[in-house]
Amino acid sequence: MAILVDGPTKVVVSGLTGREGRFHALRNRAYGTKIVAGVTPGKAGQDVEGIPVFDTIADAVAETGANTSLIFVPPRFATEAILEAADSELDLIVCITEGIPVRDMARTASYLRGKPSSLVGPNCPGVISPGRSNVGIIPGEICIPGRVGLVSRSGTLTYQIVHELTQRGIGQSTCVGMGGDPVHGLGFLESLALFNWDPETDLVVMIGEIGGDDEERAAEYIAQEMTKPVVAYIAGFTAPPGKRMGHAGAIVTGSRGTAQAKADALEAAGVPVGRTPTEVAALVQSRLAETASS
Amino acid sequence: MDLYEYQGKELFKRHGIPVPRFIIAETPESARAATEILGGRSVVKVQVQVGGRGKGGGVVLADTPDDAEEAAERMLRDGFQGHRVNRVLVEERLSIAREFYAAILLDRSTGTDLAMVASEGGIDIEELARTRPEALRRLHIDPEIGIHPYHLRALTGALPSEARDLVENILAGLYDVLVKEDATLVEVNPLVLLTDGRVFALDAKVTVDDNALWRQPEIEMLRTVFPINRLEFLAREAGLQYVKLDGQVGIIGNGAGLVMSTLDVVQQAGAGAANFLDVGGGASADAIATSLEVILSDPNVRSVLVNIFGGITRCDLVAAGLLEALERVKPTVQIVVRLDGTNAEEGRRILEAAAHPRIVVAGTMLEAAQRAAELATGVIA
């Protein structure tokens, strides 16, 4: 059983009837993911290429037994979709939407504390367990099944590193795109913990970037708890302080959140940090070889 | 989006936070007139979005209208630490007894608001937290619950008793700014207790969430007065994420993380990136043409690196878009293109078939960065 999403995962898509939602949900279904329902208020009874549409997530869950929510609705309605999914006690909520006001997200995150649902995102590419289930927008073709777990704050950079792994024949157990927003659901810590317990994962790649202290806290966790090897990459060594580099959360404030500080913290915890995506893949390959021979 | 001090103070006034009387001046003469209105003495403060104004000559105590005029003239003429200065704030002089510090910010590591009050002002708060933690009170506020009187009482615990009630009102006001204006940071450094017992916000630092500007139209309008870089303005109008940097390799990529990584890899290859530019998903001919226009109008650019990993973005469309863009923009430097992911082979075939004299196709991200770096530094040497 892979972490977060696997063969049995049944997905209800908020915003299935929108352009983005429809496109990606159908791609996910073509990959083999069980896309069982869509939700668009006022469109109950319609369907999108055979996927039934409901007015509410509660209705969709009652009819189809969905356990995972995938959200594509625009930023001003996205937190409502997250709350609705949480109230239906879905196991996993994956929110792709970019541009949610951070205050809305902070209130939502506060409400989710102590609830059974895990949130991935927002502003994230989603989660894929190659060959089993793809929930989100990660292109399935670049992944191959295998035993390396991957967790990342970025989208296309994740694809780049997955691609480099795949080219070397190194497959992935699960890739988690946690997203680039300052307030988000599942982070490095939670993902590392899941991979640490996952019998199908031998090594974890974490892909961080400037801003915040998620990577530093992950380094502490790795030093104390992690029993599997971790290889890291940090983007933004050359990013100037005070400039937001695309992602809302990617900003060096004063001396805090620099790539160097993050790499130092990780290296102090025994985690090798590749300086280019290619070097990351090479590090993974040599670590796996060491583990196999020991 | 960071606000200027005077904009922050306007917001403070609206939320009942006392600030000194101030007048904005755009000429030395109006700084003089403002000082006369304020009673013949004033403080003249340069309006720029950098710290360290006090130490760097950006804050001048003017004892006469002449002084104020002279200070304003210098600031408006010379700028401040390389930043152009369009406005100065001319403020009443106050008799200060004590300085404090107050701030509320969204703490991303907890996803809650962090309120801080210190019994010292004009200080580096991180430094104070290390050296004199007893002078600082910190409290996390759950955004679902909001700030309550017991929070306020606890936060002012290190302040002199005569100031506490007034500071508590100000903290409630700051929280109001945070929530109602969609700010992610409100900071007052210093907050001052006057000899007559009143408490004023002497400075105002406010950062507003860019993602919330659609519901803060008044703040969005403030943007228009920001004297930003011309290239950044062009890019923003086209919906591109662009940040000007100092190197010679112009960068176009899709996705913030990949672009950041591209900047780093270019540096590893021995050159510097001239910019950060994320064309976003889709990467249409229009978006690429505008990106090229923006990048090529930077005179430092010696080569361009286009690094696309197609997920949703289709590389064949990117290649076609690039060729179309080159019909409109006639570059004088080489453009190194690396395409991978969705329809990459088709994209590379299109570029190779076109054999455009300005396009160099590279197989991998690393190879592309090395090639672009060579082209950029080769021209200089």
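This is a tutorial dialogue on reading a predicted two-chain model.

Colleague: What should I know about the model and its numbering before I start?

Modeller: This is a predicted model; local features need pLDDT of at least 70, side-chain atom pairs count only at pLDDT 80 or more, and totals for chains, interfaces and linings use all residues. Residues are numbered from 1 along each chain as its sequence is written, and chains are lettered from A and ligands numbered from 1 in the order in which they are written.

Colleague: Which domains does chain A have?

Modeller: Domain bounds come from an automatic or database domain assignment. For chain A that gives domain 1 (1-123) and domain 2 (138-294). Their centres, taken over C-alpha atoms, are separated by 26 Å.

Colleague: How many residues of domain 1 of chain A are in contact with domain 2 of chain A?

Modeller: Two residues are in contact if their C-beta atoms, placed from the backbone, lie within 7 Å. Here 14 residues of domain 1 of chain A meet 17 residues of domain 2 of chain A. On the domain 1 side, helix H4 (102-112) and strand S7 (118-120) of chain A each supply at least two residues. Helices (H or I, at least four residues) and strands (E, at least two) are DSSP runs, numbered from the N terminus. H4(A) gives the most to that side, with four residues.

Colleague: What is the chemical character of that side of domain 1?

Modeller: The classes are simple. Ala, Val, Leu, Ile, Met, Phe, Trp, Tyr, Cys and Pro count as nonpolar; Asp, Glu, Lys and Arg count as charged; the others, Gly among them, are polar. The side of domain 1 of chain A that touches domain 2 of chain A has 11 nonpolar residues, three polar and no charged.

Colleague: How many residues does each chain bring to the contact between chain A and chain B?

Modeller: Interface size has a common convention. It is often given as the accessible area lost when the parts come together. Here we count residues: chain A brings 46 and chain B brings 42. H4, helix H5 (156-167) and helix H9 (277-293) of chain A each give two or more residues to the chain A side. H4(A) gives the most there, with seven residues. That side divides into 23 nonpolar, 16 polar and seven charged.

Colleague: In what order do the strands of the seven-stranded sheet in chain A run?

Modeller: Two strands pair if DSSP finds at least two bridges between them. The open sheet of chain A has the order S9-S8-S11-S10-S12-S13-S14, with mixed pairing. Strand S9 (133-136) and strand S14 (273-274) of chain A are the edges, each pairing on one side only. Strand S10 (residues 145-152) and strand S11 (residues 172-177) of chain A run parallel, joined by five bridges. Val148(A) has Gln172(A) as its bridge partner in S11(A). Ser152(A) stands opposite Gly177(A) in S11(A).

Colleague: How many residues of S10(A) are buried?

Modeller: A residue is buried if 20 or more other C-beta atoms lie within 10 Å of its own, exposed if 12 or fewer, and partly exposed in between; C-beta atoms are placed from the backbone. Six of the eight residues of S10(A) are buried.

Colleague: Why does Thr158(A) count as buried?

Modeller: Because Thr158(A) has 31 C-beta neighbours inside 10 Å. Thr158(A) sits in helix H5 of chain A. Leaving out residues up to four places away in sequence, Thr158(A) touches Pro125(A), Leu150(A), Ser152(A), Cys175(A), Gly177(A) and Ile207(A).

Colleague: Now chain B. Which domains does it have?

Modeller: Chain B is divided into domain 1 (21-91), domain 2 (96-223) and domain 3 (230-380). Chain B holds 13 helices and 16 strands. Of its 381 residues, 47% count as buried.

Colleague: Where do the buried residues of helix H2 (residues 28-37) of chain B lie around its axis?

Modeller: An α-helix has 3.6 residues a turn, so residues three or four places apart point the same way. In H2(B), the buried residues are Pro28(B), Ala31(B), Arg32(B), Ala34(B) and Thr35(B). They lie on the same side of H2(B), because they cover an arc of only 165° around the axis. The arc is that of the directions from the helix axis to the C-beta atoms.

Colleague: What do the buried residues of H2(B) pack against?

Modeller: They pack against strand S1 (22-25), strand S2 (42-46), strand S3 (59-62), helix H3 (65-78) and strand S4 (88-91) of chain B. Just after H2(B), Gly39(B) takes a positive phi of about 105°.
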